[in-house]
Amino acid sequence: MTPQEPLVRVREAVPADVDDIIHIHYSAFDDDVMNELMHPGGATEESRKKFGERVFPKEDTSADAAKKGKDMLYVAEYFPEGEGTPGQVIAFAKWTLYKEPRAEEDWKNENFVPTAENFGTTANLSVIDAFIGELHRKQRDCAKGEAGLYLGILACRPDRQRLGAGSALLKFGADFADILELPSWLESSPVGYRVYKKFGYEDIDVVDLKVTERWGKTKSAGRYWGENNAVEIAGPVPEGVMRSVIMRRPAKAFKGL
């Protein structure tokens with residue numbers, strides 16, 4: 001019998017995927033300097049559980065649900081021996097879809113406020129606000145309530161990289177946005193920048209976080225803090241600074257599956 005080709009398939013996440021998603025998230029960012037600062041001593045079981053609760057979409061039947069957008073959580077499943085054989089969830093992505101533009105009074109009031117209830121009692125909330133909160137605020141002020149598909153997070157298992165899982169999820173999101181004739185937005189980490197560029201995302205603005213000055217952390221050997229990212233619009237990245245990039249992919253004609 002001829003062996004089947006390995007396969008990566010994107011599908012909507014189900015509650016049974018939560019443990020895999022939690023593991024992927026924390027293994028993907030385990031040695032990241034910001035994760036170390038946000039979770040001193042490492043993420044606790046409480047923090048991991050809180051992440052699982054935050055990431056999985058919850059049904060919203062409130063009157064203003066449309067203004068909050070629709071959360072979409074998808075996973076990439078790897079089948080090393082092809083379709084019909086056991087698979088493994090190796091990556092995930094979460095988007096929020098806004099089909100219509102939001103009024104200025106609505107998007108301006110969107111604010112990220114980390115709490116122990118959401119992140120766990122051992123999390124450093126001031127660091128979370130300075131990092132994740134600032135990224136949210138910067139993107140909010142750039143997008144100005146534009147209708148579109150907003151990528152909140154994408155992560156892949158470190159031991160399953162280069163199998164195409166991240167690209168499969170990005171292609172799914174790009175096709176989804178194109179079908180709806182909508183742009184898409186994201187906040188790029190230093191290492192994700194080149195991949196997003198390949199999928200048509202363009203530089204809009206940057207968040208330069210003074211990691212060394214604020215928290216005394218220096219870049220470890222082999223780490224990348226975005227030194228070559230978005231230099232055309234923001235210039236070189238200063239020493240001791242980590243650069244994240246706000247990126248937008250324009251609406252494009254859908255080319256088919």
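In this predicted model, the buried residues of helix 3 pack against helix 1 (18-28), strand 2 (70-79), strand 3 (88-98), helix 6 (116-119) and strand 4 (148-156). Helix 3 itself spans residues 45-55, and its buried residues are Ser47, Lys50, Phe51, Gly52 and Val55. A general property of helices helps in reading such a list: an α-helix has 3.6 residues a turn, so residues three or four places apart point the same way.

**Strands 1, 2 and 3**

Strand 2, one of the elements against which helix 3 packs, has eight of its 10 residues buried, so this strand is largely enclosed by the rest of the structure. Strand 2 pairs with strand 1 (residues 7-12) in the antiparallel sense, over six bridges. Strand 2 is also joined to strand 3 by nine bridges, and these two strands again run antiparallel. Ala76 of strand 2 illustrates both pairings. Val10 stands opposite Ala76, and in strand 3 the bridge partner of Ala76 is Ala91.

**The nonpolar cores**

In soluble globular proteins, nonpolar side chains tend to be buried together. In this model, the largest nonpolar core has 28 residues. Which residues have the most contacts inside this core? They are Trp95, Leu151, Leu154, Leu169, Tyr196 and Met247. Two or more residues each are given to the core by strand 2, strand 3, strand 4, helix 8 (165-179), helix 9 (193-198) and strand 7 (242-249). The largest share, five residues, comes from strand 3.

Apart from this core lies another, of 21 residues, which includes Phe119, Tyr150, Val207 and Val211.

Leu169 shows how the largest core connects with the paired strands. Leaving aside residues up to four places away in sequence, Leu169 touches Val10, Tyr74, Val75, Ala76, Ala91, Phe92, Ala93, Trp95 and Leu154. Among these contacts are Val10, Ala76 and Ala91, the residues already met in the bridges of Ala76 with strand 1 and strand 3.

**Salt bridges**

Side chains of opposite charge can pair when their charged atoms come close. The structure holds 20 salt bridges, and the table presents some of them.

| Acidic residue | Basic residue | N to O distance |
|---|---|---|
| Glu104 | Lys108 | 2.8 Å |
| Asp205 | Lys138 | 3.6 Å |
| Glu227 | Lys219 | 2.2 Å |

Asp205 and Lys138 form a salt bridge that links distant parts of the chain: Asp205 belongs to strand 6 (residues 202-209) and Lys138 to helix 7 (residues 125-143), 67 residues apart.

Are the residues of these pairs buried, exposed or partly exposed? Glu104 is partly exposed, with a relative accessible area of 45%, and its partner Lys108 is also partly exposed, at 47%. Asp205 counts as partly exposed at 26% relative accessibility, and Lys138 is partly exposed at 24%. In the remaining pair of the table, Glu227 counts as partly exposed at 24%, while Lys219 is partly exposed with a relative accessible area of 38%. Buried means under 20% relative accessible area, so Lys138, at 24%, is classed as partly exposed.

Salt bridges can also join several residues. Arg9, Arg11, Asp17 and Glu77 are linked in a network of salt bridges.

Definitions and conventions: Residues numbered from 1 in each chain as written. Predicted model: local features only at pLDDT ≥ 70, side-chain atom pairs only at ≥ 80, totals over all residues. Heavy atoms only, no water. Salt bridge = Lys/Arg side-chain N within 4 Å of Asp/Glu carboxyl O. Buried < 20%, exposed > 50% of the residue type's maximum accessible area, 1.4 Å probe, protein only. Helix = DSSP H or I, 4+ residues; strand = E, 2+ residues; numbered from the N terminus. Contact = heavy atoms within 4.5 Å. Core = buried A, V, L, I, M, F, W, Y, C linked by side-chain atoms within 4.5 Å. Pairing = 2+ DSSP bridges.
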